[in-house]
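The following exercises concern the fold and the helix packing of a single protein chain. Each task is followed by a solution in steps.

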Amino acid sequence: MVQVFTRDQAQAYVADLYRRVAERWEERVMQSEFMTHLCDGSLPLSVFRLFFRNFGTFTIEINTMVAASYQRYLHFFRQYPDLMEALGEKIADEFIHPRPPGHVLLVLQTARALDIDPQEIYTAPYLPEFRCRLDFARAVLYEGTPAEWFALSSNEEMIGHWAGACYTALTTHYGLTPEQVVYFSKHHEADLEEHDEGVMGHGQFNRLVLQRLLESGQAWERPTYGIEYCAMTFVDLFGVSLRGIMDVARRQRLVPD
Ligand SMILES: [Fe+2]
Ligand SMILES: [Fe+2]
């Protein structure tokens, strides 16, 4: 049996989940060796380059999963035309702004500034520590429930805040211009605020969907997965991705042992 929440209960539940996800993000991501050194300017740019090459490749694939969520969870979205419309806009946003193929152009603009070959972003395999996060998302999308997927998607709001921190670090300590790090400013905006003539902030959209799932008694969870686990694991795996970068940096002697 799935509990049916009132609107207030659902809102409070989602707010509490996001508060805990933010705490976990602070601990596993922002306090990581990679992020603390990036933010104080002591991370070699070569290590950030290694990160962005893998992250850029990751973004291409994760965005196609967001698009696939429309088909996968259509049974839910067709009950709520307002959410269906917002999801359509969100997907379009990723694939047509600033022009097709979409946000990947922003990734490439920042990649060029970091001297990364665009071909690598498109086609190079990525580190297992990035692959595992992506494949966890894929497993939740295809085998999981909508509530688990939209719990995992709470990470998108965290990415918005994190992108702001990356933007500040790169423009303050590394001499990159706002145009060069447009990937980060754009995602700080898109994930946190309404943008591009009325597209809902991506974080707000994910909150609303999870709320509606709870209110309508459709927030199914599986034993061993569930809302809490999927949200937290996706955070933890970002921490794993960042540790993976530091491991490679040490092996390549980009940082001292
Ligand atoms: Fe994007
Ligand atoms: Fe987004």
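**Exercise 1. Determine in which sense α8 crosses α13, and characterise the packing of this pair**.

Solution. In this predicted model, α8 passes α13 in a left-handed crossing.

Step 1: geometry. Helix α8 covers residues 128-143 and helix α13 covers residues 226-251; the angle between them is about 160°, and their axes lie 7 Å apart.

Step 2: orientation. Angles over 145 degrees count as roughly antiparallel. The two helices, α8 and α13, are therefore roughly antiparallel to each other.

Step 3: residues. On the α8 side the contact is made by Glu129, Phe130, Cys132, Arg133, Phe136, Ala137 and Val140. Their partners in α13 are Cys230, Thr233, Phe234, Leu237, Phe238, Val240, Ser241, Arg243 and Gly244.

Step 4: composition. The residues of this contact between α8 and α13 comprise ten nonpolar, three polar and three charged.

**Exercise 2. Apply the same steps to α10 and α11: at what angle do they pack, and which residues meet?**

Solution.

Step 1: geometry. Helix α10 (residues 155-173) packs on helix α11 (residues 182-192) at about 150°, with 8 Å between the axes.

Step 2: orientation. With 145 degrees as the bound, α10 and α11 are therefore roughly antiparallel to each other. The crossing of α10 past α11 is left-handed.

Step 3: residues. From α10, the residues in contact are Glu156, Glu157, Ile159, Gly160, Ala163, Gly164, Cys166, Tyr167 and Leu170. From α11, they are Phe184, Ser185, His187, His188, Asp191 and Leu192.

Step 4: composition. In the contact of α10 with α11, seven residues are nonpolar, five polar and three charged.

**Exercise 3. Describe the chain as a whole: how many helices and strands does the protein chain have, and why can it be called as compact as a globular protein of its length?**

Solution.

Step 1: content. The protein chain has 13 helices and zero strands. Read from the N terminus, the elements of the chain run α-α-α-α-α-α-α-α-α-α-α-α-α.

Step 2: compactness. The radius of gyration of the protein chain is 18 Å, and the globule rule gives 18 Å for 257 residues, so the chain is as compact as a globular protein of that length.

Step 3: extent. The C-alpha trace of the protein chain spans about 55 × 40 × 30 Å along its principal axes.

Step 4: burial and contacts. Of the 257 residues, 40% count as buried. Among contacts between residues at least 6 apart in sequence, 78% join residues at least 24 apart.

Methods:
Residues are numbered from 1 along each chain as its sequence is written. Chains are lettered from A and ligands numbered from 1 in the order in which they are written. This is a predicted model: local features need pLDDT of at least 70, side-chain atom pairs count only at pLDDT 80 or more; totals for chains, interfaces and linings use all residues. Helices (H or I, at least four residues) and strands (E, at least two) are DSSP runs, numbered from the N terminus. The radius of gyration is taken over C-alpha atoms; the globule rule is 2.2 Å times the number of residues to the power 0.38. A residue is buried if 20 or more other C-beta atoms lie within 10 Å of its own, exposed if 12 or fewer, and partly exposed in between; C-beta atoms are placed from the backbone. Two residues are in contact if their C-beta atoms, placed from the backbone, lie within 7 Å. Axes are lines fitted to C-alpha atoms, for helices over the stretch in contact, and angles run from 0 to 180 degrees between N-to-C directions. Angles under 35 degrees count as roughly parallel, over 145 as roughly antiparallel, 65 to 115 as roughly perpendicular and the rest as oblique. A crossing is left-handed if the near helix is turned anticlockwise from the far one by less than a right angle, and right-handed if clockwise. Ala, Val, Leu, Ile, Met, Phe, Trp, Tyr, Cys and Pro count as nonpolar, Asp, Glu, Lys and Arg as charged, and the others, Gly among them, as polar.
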